[in-house]
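This report covers the contacts of one residue, the nonpolar cores, a backbone feature and a surface patch.

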Amino acid sequence: TVGWNDIGRFFADTYPELGKGMSDKISGPGVGIFYTWDTVAKSSDLAAAFPVTDSTSKMLGCNFFFVDSARAFMAVQMGGYSASMKYHNALAREVAAKGKTSTFVIEEYITGPHDTPDSSKWITKIYYLTK
């Protein structure tokens, strides 16, 4: 669980560590998996992750998990992360309007600060997995 103000630092610290240990097995862009978004405590239970081709290797401090197939609502965010709440709010409204319940949220960082410092070129796919 990470405070909202520390999420950026958490990802910035975690992805390089994961990349060092699993670089030859990474099969896609980094993702943030958000299990909770607590508006009272201003924190989130989350994970920084990469899709991998092999989950049999072990890495100290790292857990492997499988995300089952699920229906999802998705938006593509172009630009910096400061605008992400408008995408999240729109997706949450759409999920509710369709009478669905979101199980958790995945942000897939197609391009970001690791690729270019120009935030206008960042692309994030935001998925609300539903049941």
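## Contacts of Phe11

Beyond its neighbours within four places in sequence, Phe11 is in contact with Pro16, Gly32, Phe34, Leu46, Ala47, Ala48 and Tyr109. The model in which these contacts occur is predicted.

## Nonpolar cores

Apart from the largest core lies another one, made up of seven residues. Val31, Ala47, Phe104 and Leu129 are among them. Ala47 also appears in the list of residues that Phe11 contacts.

The largest nonpolar core has 20 residues, and Phe11 and Tyr128 touch the most other members. At least two residues of this core come from each of helix H1 (7-22), strand E4 (46-49), strand E5 (71-78), helix H2 (84-97), strand E6 (102-111) and strand E7 (123-130). With five residues, H1 gives the most. In soluble globular proteins, nonpolar side chains tend to be buried together.

## Backbone at Lys42

Lys42 is not a glycine, yet has a positive phi of about 50°. This residue sits in the loop that runs between strand E2 (31-34) and strand E3 (43-44). Its relative accessible area is 47%, so Lys42 is classed as partly exposed.

## Surface patch

Which residues form a nonpolar patch on the surface? The patch consists of Tyr35, Phe65 and Val67, which together have about 250 Å² of accessible area.

Val67 belongs to the loop between E4 and E5. Val67 counts as partly exposed because its relative accessibility is 31%, and buried would require under 20%. Patch members need over 30% relative accessible area.

Key: Residues numbered from 1 in each chain as written. Predicted model: local features only at pLDDT ≥ 70, side-chain atom pairs only at ≥ 80, totals over all residues. Heavy atoms only, no water. Core = buried A, V, L, I, M, F, W, Y, C linked by side-chain atoms within 4.5 Å. Buried < 20%, exposed > 50% of the residue type's maximum accessible area, 1.4 Å probe, protein only. Helix = DSSP H or I, 4+ residues; strand = E, 2+ residues; numbered from the N terminus. Contact = heavy atoms within 4.5 Å. Patch = residues over 30% accessible without salt bridge, like charges linked within 9 Å, V, L, I, M, F, W, Y side chains within 5 Å. Areas by Shrake-Rupley, 256 points an atom, 1.4 Å probe, with all protein chains shown as cover. Salt bridge = Lys/Arg side-chain N within 4 Å of Asp/Glu carboxyl O.
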